[in-house]
Amino acid sequence: MNPTSTSAWSVLSSQTQEMQATHMRDMFEKDPSRAQRLCTKACGIYLDYSKNRLTDAVLDQLVKLAEETGVPAHARKMFAGEKINNTEKRAVLHTALRNMGDTPVMVGGQNVIPEVREVRERTYLFARRVRSGEWRGFTGQAITDVVNIGIGGSDLGPLMIVEALKPLADGPRLHFVSNVDSLHLNQTLKDLDPERTLFIVASKTFTTIETLTNARSARAWLLNAAKGDKAAIARHFVAVSTNAEKVSEFGIDLENMFGFWDWVGGRYSLWSSIGLPIAVAIGPEGFNDLLAGAYDMDLHFQNAPIRENLPYLLALLGIWYNNFLGASSHVVAPYNQTLHRLPAFLQQLDMESNGKSVRAEGEPVHYATGPVIWGEPGTNGQHAFFQLLHQGTSLIPVDFILALKQPGQMEPHRTSQIANCLAQASALMQGKTQAEVQTEMRAKGVAEDQIAALLTHREFKGNRPSNMMLLDDLSPRTLGALIALYEHKVFVQGAIWGLNSFDQWGVELGKQLATGIEQRLGAEDGGQAYDASTEALINYVRTAKP
């Protein structure tokens with residue numbers, strides 16, 4: 001159902017004006033139990049959503065909106081393996097990759113779980129061989145460094161996880177190369193030993209331009225050290241792909257090709273063999289815990305009532321701000337430094353999924369869909385973009401994320417880290433009134449004329465919303481649950497908006513154009529003609545070549 005035609009949408013629209021005129025300070029004063037009521041916990045994640053422009057009446061209608069648009073039924077279809085990716089005629093089953101139960105998951109009449117587990121065990125076996133030193137390079141040396149060459153979902157997910165769990169890493173050093181800019185590869189390789197370096201080439205089709213360009217240059221680097229012996233390739237390159245022919249042509253032994261399925265979207269693929277770098281870094285047992293945490297969240301999402309359901313709550317709050325209160329962007333601010341790649345990962349997850357202007361059936365939408373997702377670690381952000389959050393003209397909700405325990409934390413750093421996170425959320429909500437500014441400045445002996453001159457500059461309106469997510473720890477299991485939480489949040493929002501959250505045709509267009517332009521840059525004449533601006537740029541680049 002089109003969300004704008006539901007009764008809930010109509011009521012929410014009428015509630016908007018009241019909410020815009022209500023300050024959260026007043027809500028807390030009128031309801032001393034607000035913080036205790038508007039919170040919930042599951043899978044090691046405590047969510048406090050009390051600092052939102054939200055009343056019980058609004059939340060009731062948001063829950064009703066999810067029900068009227070058929071989100072629970074759509075979720076059941078996804079978990080059952082129905083082809084909800086209608087434009088590509090595919091099932092959407094990243095959840096099957098972490099299914100730890102005994103329930104079959106059917107695709108085309110076949111239970112996919114046994115094959116999923118078989119591929120996972122092959123991945124684990126290889127990771128153990130590399131970690132133990134059993135796997136040797138072309139000169140018989142053990143592997144000390146592993147370079148993952150991929151892009152998009154073949155890079156962002158594994159990179160984010162490996163960085164987040166770095167304090168637990170006990171395998172070879174992990175490196176990630178994604179940018180086709182040669183400096184990314186060169187700077188990565190300059191301190192590595194070819195005899196001790198293993199490359200994982202991650203590309204579903206094994207035709208991705210950026211990935212294959214980097215992989216070929218890495219192969220040339222290896223062959224130079226191996227004095228042209230092509231047999232060395234099979235000892236230093238493995239592939240995560242579904243294209244056996246292309247993998248074999250590259251020189252990779254097909255025994256060391258780890259596949260996955262067309263029902264695994266790139267931005268949801270870290271749970272598959274794309275996660276091989278994670279298993280190498282923290283071991284198969286750690287990767288299994290990551291899967292188990294995501295499975296915990298899958299069960300919570302399927303079974304918990306909507307008002308106690310973490311993915312639903314985050315999704316519905318996002319709908320409220322995006323569609324009714326005019327917030328077109330959303331900040332993710334993790335306070336654990338090892339989560340520094342989480343905002344970039346969530347950018348792809350959210351914006352590639354729901355950055356759509358047509359409904360799944362092909363009809364144009366006439367309401368806002370996916371917001372802009374952005375952010376950085378919170379402590380740095382406080383000294384940078386938080387100024388905009390506090391006093392800017394845009395309403396920008398914030399997700400604060402803080403793991404209370406992590407290996408290697410020291411006091412007083414940990415206490416300061418927690419204090420900063422809680423303080424920012426409080427400041428965004430409370431603000432500072434002109435009366436409070438005057439009292440503060442008078443107490444410091446500031447002259448009245450200076451107070452008058454600075455009053456509006458030092459006033460904070462407050463009423464800026466945020467969610468606070470406190471993680472019990474930053475273990476693989478809790479991190480797995482956090483990622484699955486955001487996956488399901490994106491799913492709920494896409495379902496309410498009536499989108500297909502699992503295709504990405506805009507990405508495909510850019511890939512197609514890049515191939516043709518690359519050919520044109522290498523030839524003076526011929527090839528496809530482009531728009532006048534692009535033609536002028538091609539000509540400029542040709543003449544400006546070093």
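Ring pairs link Phe-79, Tyr-268, Phe-301, Tyr-312, Phe-491 and Phe-502 into a cluster, and I should say at once that we are looking at a predicted model. A search of the whole structure finds 20 aromatic pairs. One of them joins two members of that cluster, Tyr-268 and Phe-502, whose ring centres lie 5.5 Å apart with the planes at 45°, so the pair is classed as tilted. Tyr-268 sits in the loop between β9 (257-258) and α12 (276-303), whereas Phe-502 sits in the loop between α20 (476-497) and α21 (505-521), so this pair ties together parts that are 234 residues apart in sequence. Buried or exposed, then, is Tyr-268? With a relative accessibility of 2%, Tyr-268 counts as buried, and Phe-502, at 9%, counts as buried too.

Now to another aromatic pair, this one within a helix. Trp-320 and Phe-324 form a tilted pair, at 5.7 Å centre to centre and with 35° between the planes. These residues are four apart in helix α13 (residues 310-324), which means that about one helical turn separates them. Trp-320 counts as buried, because its relative accessibility is 0%, and Phe-324 counts as buried at 9%.

Rings also meet charges in this model. Arg-98 lies over the face of Trp-271, 4.7 Å from the ring centre, while the charged end of Arg-219 sits over the ring of Phe-250, at 4.3 Å from its centre.

Let me turn to a charged side chain, Glu-163, which belongs to helix α7 (residues 156-164). Its relative accessible area is 17%, and since the cut-off for buried is under 20%, Glu-163 falls on the buried side. Which side chains make polar contacts with the side chain of Glu-163? One is that of Lys-166, at 2.9 Å, and another is that of His-340, also listed at 2.9 Å. If we leave aside neighbours within four places in sequence, Glu-163 is in contact with Thr-338, His-340 and Arg-341, so His-340 appears there as well.

Finally, the sheet. Six strands form an open sheet, in the order β1-β2-β13-β12-β10-β11, and the pairing is mixed. At the edges are β1 (39-42) and β11 (372-374), each of which pairs on one side only, and the twist from one strand to the next averages 15°. Within this sheet, strand β12 (residues 398-403) and strand β13 (residues 466-471) run parallel and are joined by six bridges, with Asp-399 standing opposite Asn-467 in β13.

Terms used
Residues numbered from 1 in each chain as written. Predicted model: local features only at pLDDT ≥ 70, side-chain atom pairs only at ≥ 80, totals over all residues. Heavy atoms only, no water. Pairing = 2+ DSSP bridges. Helix = DSSP H or I, 4+ residues; strand = E, 2+ residues; numbered from the N terminus. Axes fitted to C-alpha atoms, helices over the stretch in contact; angles between N-to-C directions. Buried < 20%, exposed > 50% of the residue type's maximum accessible area, 1.4 Å probe, protein only. Polar contact = N/O pair within 3.5 Å; in protein donor to acceptor, adjacent residues only side chain to side chain. Contact = heavy atoms within 4.5 Å. Phe/Tyr/Trp six-rings, centres within 6.5 Å; stacked < 30°, edge-to-face > 60°. Lys NZ or Arg CZ within 6 Å of the ring centre and 35° of its normal.
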